Each structure stands twice: as structure tokens, then as C-alpha cells.
Amino acid sequence: MNKSKVEKVAATTLIPKAIRGLRFSWLAYGAVMYFGIRYLNKKGILPKQTDAALDMVHKGLDYAKEQIGISSAQSSKASAPH
């Protein structure tokens, strides 16, 4: 078997198992928490260190988008600080 066949076989068996194992409710909880923290940070309720933590989250999201190929030049320009 060559490499492309092995990758196809792995993708057809592993991806469905990974999707079944992923609980989408946790993604919803994470999104609600993220937007809640952003809102509280904008209101000035949270400490200044929250900005640095949110910046790390944004960098991680940008990196993940680049890795799966959904990032564009516009999104990287829009996320850059002005």
C-alpha cells in the first residue's frame, strides 16, 4: 500500500470515530464561556490579564484555521492589531 491509500483508509475509519466521540455540547459551552468572558472583559469587570489570555485564544484559533486551510489573507489582516 502506498501512503495515499493508507491515509484514505485511516481517514475513513478514524474520522467517524472521532466525530462520534466529540460531544458538541462541550463546544457550545466553550463558545458561551468565551463570549461571556469577552463581554465581562469589555465591561471592565475582569482583571487586565484577561486581555492577554484572550489574545492567546485568538492566536490559537488563527493557527487552527491556517492548519485546516480556512484562513484567508483578509482574516489575518482583520485580526492584526491596529
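**Entry 1: Confidence**

pLDDT is the predictor's confidence in each residue, on a scale from 0 to 100. I began with this quantity, as the structure is a predicted model. For the chain I noted a mean pLDDT of 79, with 83% of the residues at 70 or more. I then looked up how confidence is spread over the elements. Helix α4 (residues 73-79) has the lowest mean pLDDT, 52, while α3 has the highest, 88. I shall keep the value for α4 in mind when I view that helix.

**Entry 2: Overall content**

I listed the secondary structure next. The chain comes to 4 helices and 0 strands, and read from the N terminus the order of elements is α-α-α-α. I also looked up the surface. The chain exposes about 7400 Å², of which carbon and sulfur atoms supply 65%. Of the 82 residues in the chain, 5% are buried.

**Entry 3: Helices α1 and α3**

I compared the span of two helices with the expected value. Helix α1 (residues 3-21) has 19 residues, which at 1.5 Å a residue should span 27 Å. Its end C-alpha atoms lie 26 Å apart, so the two values agree. I also recorded a bend in α1 of about 30° at Ala 11.

Helix α3 (residues 49-68) has 20 residues. From its first C-alpha to its last it reaches 29 Å, close to the expected 28 Å. Just after α3, I found Gly 69 with a positive phi of about 85°.

**Entry 4: The aromatic pair**

I searched for aromatic pairs and found 1 in the structure. The ring centres of Tyr 34 and Phe 35 are 5.0 Å apart and their planes stand at 70°, so I entered the pair as edge-to-face. The cut-off for that class is an angle over 60 degrees.

Is each partner buried or exposed, or partly exposed? Tyr 34 has a relative accessible area of 18% and is therefore buried, because the limit for a buried residue is under 20%. Phe 35, at 48%, is partly exposed.

**Entry 5: Asn 41**

I closed with one residue of helix α2 (residues 24-42), namely Asn 41. Is Asn 41 buried or exposed? Its relative accessible area is 15%, so Asn 41 is buried.

Which residues does Asn 41 touch, leaving aside those up to four places away in sequence? I noted Leu 46, Pro 47, Thr 50, Asp 51 and Leu 54.

Note on methods:
Residues are numbered from 1 along each chain as its sequence is written. This is a predicted model: local features need pLDDT of at least 70, side-chain atom pairs count only at pLDDT 80 or more; totals for chains, interfaces and linings use all residues. Side-chain values use heavy atoms; hydrogens and water are left out. Rings of Phe, Tyr and Trp (its six-membered ring) pair if their centres lie within 6.5 Å; planes under 30 degrees apart count as stacked, over 60 as edge-to-face and the rest as tilted. Buried means under 20% relative accessible area, exposed over 50%, partly exposed in between (1.4 Å probe, protein chains only). The expected span of a helix is 1.5 Å times one less than its number of residues. Contact means heavy atoms within 4.5 Å. The bend at a residue is the angle between axes fitted to the seven residues ending there and the seven starting there. Accessible areas come from the Shrake-Rupley method with a 1.4 Å probe; for residues, only the protein chains shown count as cover.
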